[in-house]
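Reader: Hello! I would like a close look at one part of this model, with the cut-offs spelled out as you go.

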Amino acid sequence: MKNAQINVPRLVRIKAGALQRLGLYLARSRLTPAALFHSEGMLPSILDAVRQSLRDQRITPALLCEVQEASVEEAVRLRSAVPSSCKALIGVGGGKALDVAKYAASLAGMPYFAAPTSVSNDGFCSPQASLTLEGKRQAIPTGPPEAVVVDLTVCQRAPLPLWHSGVGDLCSKFTAVSDWKLAFYRRGDPVNDLAALISDASVFQFMANPVSDEEGIRLLATALMLNGVAMEIAGSSRPSSGSEHLISHALDMTGARPRLHGLQTGTAAYLVSSLQGGSHHRKIGELFARTGFWDSVRKQPFSKEEWRIAVERAPSVKEDFYTILSERDAWPEFARMIARDPALIGCFD
Ligand SMILES: [Zn+2]
């Protein structure tokens with residue numbers, strides 16, 4: 001389990017107005033010229049702020065392109081447009097643009113700057129990219145970003161369900177680590193204690209101030225970033241992804257309506273933690289009640305039938321990946337909770 005070397009972000013700026021200083025961070029790192037990949041339909045004011053920050057440092061982007069879809073094919077296509085004079089690749093926006101930029105940078109062997117405009121999941125700092133290849137979703141190893149730039153003012157303006165999605169994805173670390181430890185007890189799968197500790201601790205840090213103000217978003221962004229670091233330390237996605245992510249992946253494959261990743265993983269973590277025992281179920285429940293997480297789910301309730309199919313399919317989504325779902329027929333218990341738990345009223349139809 002010991003890695004010869006781990007890579008972690010060298011530059012981390014999680015603060016208000018950070019995007020206005022992006023050009024400065026690049027210039028100081030002597031990583032110019034740079035190519036910029038951004039989300040489709042991104043708010044013009046965000047893109048303007050980024051471009052102005054580059055102009056302030058007399059940096060002309062070597063390439064400015066909009067990412068249309070989160071696929072390997074798109075990353076390869078855009079990578080081929082990046083001039084060889086480029087010294088870095090910047091991804092600005094949501095998960096789609098960041099994953100494509102991260103993978104394109106790894107193909108080009110270039111440092112990558114991640115600048116998420118919301119904190120809706122832990123992908124912005126993870127050492128892998130979630131992309132489709134020939135239509136099938138895959139987690140492709142890329143290494144972590146060289147720099148993480150989170151503008152708290154920008155993230156605070158993002159719609160509330162995106163923040164709830166980040167809260168849900170963070171809570172799934174509780175269930176992921178429990179599944180990892182279960183795999184150790186049942187099969188001897190090695191656990192990296194430091195990675196597990198970082199993953200667990202990151203949730204508690206956020207719980208100290210679980211609100212969507214600037215400080216709360218700073219804590220959430222930091223916690224999600226540390227999860228990416230935990231994955232790099234572990235050399236696997238185990239610290240961040242367990243049975244709750246298997247259910248979410250199965251929903252992505254079989255469900256009719258794509259939903260925010262963290263709303264799926266968070267809801268699945270709430271259900272799975274009730275099977276795992278211990279105090280996580282209560283803690284997740286309290287956090288979701290305090291943050292209003294369920295309100296975002298109720299705006300567009302999940303389909304109970306889609307969840308039944310996904311939960312049944314989840315254990316076979318990833319090969320050789322032991323979780324609580326490997327040893328329990330979980331759906332009957334989940335169905336009972338969905339019917340009886342007052343917190344879940346209106347979350348499924
Ligand atoms: Zn996730």
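How near do the axes of helix α6 and helix α11 come, and at what angle do they cross?

Author: Happy to help! This is a predicted model, in which local features need pLDDT of at least 70 and side-chain atom pairs count only at pLDDT 80 or more, while totals for chains, interfaces and linings use all residues. Residues are numbered from 1 along each chain as its sequence is written.

The axes of α6 (residues 160-187) and α11 (residues 280-291) come within 11 Å and cross at roughly 175°. Helices here are DSSP runs of H or I with at least four residues, and strands are runs of E with at least two, numbered from the N terminus. Axes are lines fitted to C-alpha atoms, for helices over the stretch in contact, with angles from 0 to 180 degrees between N-to-C directions. That crossing makes α6 roughly antiparallel to α11; angles under 35 degrees count as roughly parallel, over 145 as roughly antiparallel, 65 to 115 as roughly perpendicular and the rest as oblique.

On the α6 side, the contact is made by H164, V167, C171, F174, T175 and S178, and they meet H280, I284, L287 and T291 of α11. Two residues are in contact if their C-beta atoms, placed from the backbone, lie within 7 Å. By character, the residues of this contact divide into five nonpolar, five polar and no charged. Ala, Val, Leu, Ile, Met, Phe, Trp, Tyr, Cys and Pro count as nonpolar, Asp, Glu, Lys and Arg as charged, and the others, Gly among them, as polar.

For another helix, α2 (residues 44-56), the 13 residues should span 18 Å at 1.5 Å a residue, and the end C-alpha atoms are 18 Å apart, which agrees; the expected span is 1.5 Å times one less than the number of residues. α2 is followed by R58, whose phi is positive, near 55°.
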